[in-house]
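Work through the exercises below with the sequence and the model side by side. Try each task before reading its solution.

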Amino acid sequence: MNVREQKKRAREFIDRWKNKGNERKDSQPFWLDLLQSVYGIENPSEYITFEDSVRLDKTSFIDGYIDATKVMIEQKGMSRDLNKAIKQSDGSYLTPYQQAKRYSDNLPYSKRSRWIITSNFKEFYIYDMERPNTQASVIKLEDLEKEYYRLEFLVDKTNEHVERKIQVSIQAGEIVGEIYESLLKQYISPKDEASLHAINQLIVRLVFCFYAEDAEVFGHKSMFYDYLIRFESRDFRRALIDLFKVLDTPVEERDPYIDEGLNVFPYVNGGMFAENNLEIPQFTDELRYLILEHASSNFDWSNISPTIFGGLFESTLNPETRKSGGMHYTSIENIHKVIDVLFLNELREELNDIRGFKKPKVIEKKSKEFQNKLANLTVLDPACGSGNFLTETYISLRRLENEAIKLYMGDLVALDTDEDLVKVKLEQFYGIEINDFAASVAKTALWIAESQMLEETKEIIYAEIDFLPLKSYTNIIEGNALHVDWDILFADKEINYIIGNPPFKGYSDRDTSQKNDMKLACVDKFGKKIKGSGKIDYVACWFFKAGKYIQNKKSSVCFVATNSIVQGDQVAYIWKPLLEEFEVEINFAYRSIQWQNESKNVAQVQVVIIAFSSKGKIKKEKIIYDGSLKQKVENINAYLIDMKNIFVESKAKPICNILEMTSGNRAADGGNLIIKESDLAEFIKGEPKAKKFIKNLVGGDEMLNNNKRYCLWLLNAEPSELREMPRVMNRIEKTKESRLNGAPDRQKLADTPTLFREIKNPENYLLIPSVSSENRRYIPMGFFGKEDIPLAPALIIPNADLFYLGLLNSNVHMAWVRVVAGRREGRYRYSKKIVYNNFPVPKISNEHKKKIEITAQGIIDSQKLYPKSSLSDLYNELTMPVELRRAHQANDKAVMEAYGMIKKVEANRTWFNESETVAKLFEMYEKNTES
């Protein structure tokens, strides 16, 4: 079904269901009709199930469930408000979403929902369970014709052919790994750089030969096998050297007396076998078996995916080498998150429009124009690794070209094929890669992709087109992309699209060479060092290089990067110069997603995808993707929200009239002033006089998980008392030794071995953990006093009262946290200088303060109802008690009322949703920070 047909069907569906929707009678027909008519599911009654049972306090029933895509549906009648809580059989009040989520939480883990949809026939509220704390995305029935794509996650997109290619590619990667490991043992100096280069090149050549024989590029299947089977292990080395020489020699230039078994091989060209005197070791019986039987005879390489296999192939490198380069191997699905929105979707739409024409002459003319357009696109990946982005982009453009060829060739048979029939060439694809092996893999992957796509073209036009000798020279440049001037490198070319996933390296993990790279790359238009560039991730270098290159060009950039570049203090350091000095604008963005790959040791990181261009040069709708949900917006700022460009920069003091926050204490004692709970009784028994100097130690972990630890708090202790306690003196002595063996700043503390590095011991304070799970709706906080020593990195507000607990434990504050806080592996990283000091707090009346104090006390009282549970238990979204949730909801309303975050809808008052809350907070922040 093409786009035009799908829109037509969506319009007809709207007409059928307008002003209609009885919950009991119409729910199932509504969903069956939607799935079949709009999304092309042939047997929808087998695709979706209705009234599945789930056991709560009694048996309940799920309105609709799609197992293939893990979608749960809670359907209400057309008169129901989807935001309004409805009384349940147990007496509780739940919104349709809360009702569905409760069902989901009580299903077996494998059946839990990836998506929840609530609907009243007029609207669809979509909840992404990857982001359970974000607000729903809403689609109105009347808008389905324009926004049908936003519900495409209903349909199982699994392509069995692609899945098969993935599995074959994974197996191929494992085979390569086995050969590599066995071959490496045969080298005299396996750690020598030249030997590592040699084995990498040898592996590349072997893989090309495996593929070429199975894809019949050499002439017929088993050709490589038939040649090598004649040789015993001791002669294998010479057999390969002779073959490689032949493959690099044109037929007419070969020795006329050459062995016929060699002469049957074609001339390859392309530089694949050009390097002479490659170090090739002797082969063992095991290696001979691996190559002949395991790799050649018993495995079909013609079906590998060059996109996926390129990354897996590269993973035969030493794991430490791979780690130091920050490499990640990317799935086809994730690559398409970049290239589809950047340009492929538009090209597909254009091809669909051509299909809509009636006259063959017009179709032929438009199709050939479309082909020429494809042939003139240029793509650069400046950190291309094994070339997976370039390979998949090439395959995608060639498939579009094949579709265009099919449109005007029809059933014609092209006997004498003009080579120009295929116009999309490898010369359009450029890559820069620092690792020579990865560069070789990228070239090989592109050649395999070219061969496979040529086979698909041949199936369309029923013609013979020779793949060899290689005519398309790949533009993979070996070098450091951060050291070269892209304007000089591509002076005679216009690069349309710059794509890729540059190395993911946190700023604290950079080695010396990478720090030097950053000094070269992180400069403004005048070559001056960018402020804060020592505190940003390595990946930002590519953003600055690309930002500089695209100045006044119609080039688009789309990079994958760790989500830390849009969080915390990195936002201002990276995006302020990009948006203000380099004058780029963000065209579309994916908010945090899990980035996975197809290798055995799957790399899982939270990333963002950001596309940008020189301001005003690319005229396109701006789009934010949140999971599979899509939002068209006016502007995308550095926090990837629909708002003007505002930067929350580090502040030493609060911007509003609130109490100051500080960090807890650091012991810097080598663990000697700290006492474990398991050691406490024995320590006091052996040193009873020390009891009065022992205090509770409380940090984030201790507070969240009820973990007990204690410390010797010896501030103002009399020396005479200390000398009477040998066990205490022993710990003091060890503290001193530990400090003397430390860094210079730590050595200075050796003069005061009885004390922590800091000595903060307020009468009362509110403690906030510095790191908290992103799956919690609220960050748990707690009050402590004089007998509790706060431990860094937890943060404290001395003399804070119930008002501060209510304020910071509200959905208003959490909305701010979710946008501006840094993250650590996805978890919130709460900070004083970014989060707290910049949080806008209005002048709040005594009346509103009193309400917040009352609701904050309600939170504490609700927590006390469950004395056996830790705060981690209480704030787990699956186990949070109803009393605590209600207390928080009451507190949320009290804080929102104090902020004026209430709007009138007809005669009713409603509260701001999260995006409205964030918009209001940023507006307040801007006013508070105006100079």
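A residue is called buried under 20% relative accessible area, exposed over 50%, and partly exposed in between, with a 1.4 Å probe and protein chains only. This is a predicted model, in which local features need pLDDT of at least 70 and side-chain atom pairs count only at pLDDT 80 or more, while totals for chains, interfaces and linings use all residues. Residues are numbered from 1 along each chain as its sequence is written, and side-chain values use heavy atoms, with hydrogens and water left out.

**Exercise 1.** Decide whether Val341 is buried or exposed, and find what it touches.

Solution. Begin with the location: Val341 is found in helix H14, residues 332-355, where helices (H or I, at least four residues) and strands (E, at least two) are DSSP runs numbered from the N terminus. Its relative accessible area is 15%, and Val341 is therefore buried. Next, look for contacts, meaning heavy atoms within 4.5 Å; leaving aside residues up to four places away in sequence, Val341 touches His336, Phe588, Tyr590, Lys620 and Tyr625.

**Exercise 2.** Describe the sheet that H14 packs on, from its strand order to its helices.

Solution. Nine strands form an open sheet with mixed pairing, in the order S12-S11-S10-S13-S14-S16-S15-S17-S18, and two strands count as paired if DSSP finds at least two bridges between them. Strand S12 (475-478) and strand S18 (629-633) stand at the edges with a single partner strand each, so one side of each is left without a neighbour in the sheet. Now take one pair: strand S17 (residues 622-626) and S18 run antiparallel and are joined by five bridges, and the bridge partner of Asp626 in S18 is Leu629. H14 packs on this sheet, touching strand S13 (497-500), strand S14 (556-562), strand S15 (584-595), strand S16 (605-614) and S17, and its direction makes about 155° with that of S15. Helix H20 (residues 540-549) also packs on the sheet, where it touches S13, S14, S15 and S16, and its direction makes about 170° with that of S14. For these angles, axes are lines fitted to C-alpha atoms, for helices over the stretch in contact, and the angles run from 0 to 180 degrees between N-to-C directions.

**Exercise 3.** Find how many disulfides the structure has, and examine Cys558.

Solution. A disulfide is a pair of cysteine sulfur atoms within 2.5 Å, and a search of the whole structure finds zero disulfides. Cys558 is accordingly in no disulfide, the nearest cysteine sulfur, that of Cys384, being 17 Å away. Cys558 is buried, with a relative accessible area of 0%.

**Exercise 4.** Check the span of helix H33, and work out where its buried residues lie.

Solution. The expected span of a helix is 1.5 Å times one less than its number of residues. For the 16 residues of H33 (residues 914-929) this should give 22 Å, and the end C-alpha atoms are 22 Å apart, which agrees. The buried residues in H33 include Glu914, Thr917, Val918, Leu921, Phe922, Met924 and Tyr925. They cover an arc of only 165° around the axis, which puts them on the same side of H33; the arc is that of the directions from the helix axis to the C-beta atoms. What covers the buried residues of H33 includes helix H28 (811-820) and helix H32 (882-899).
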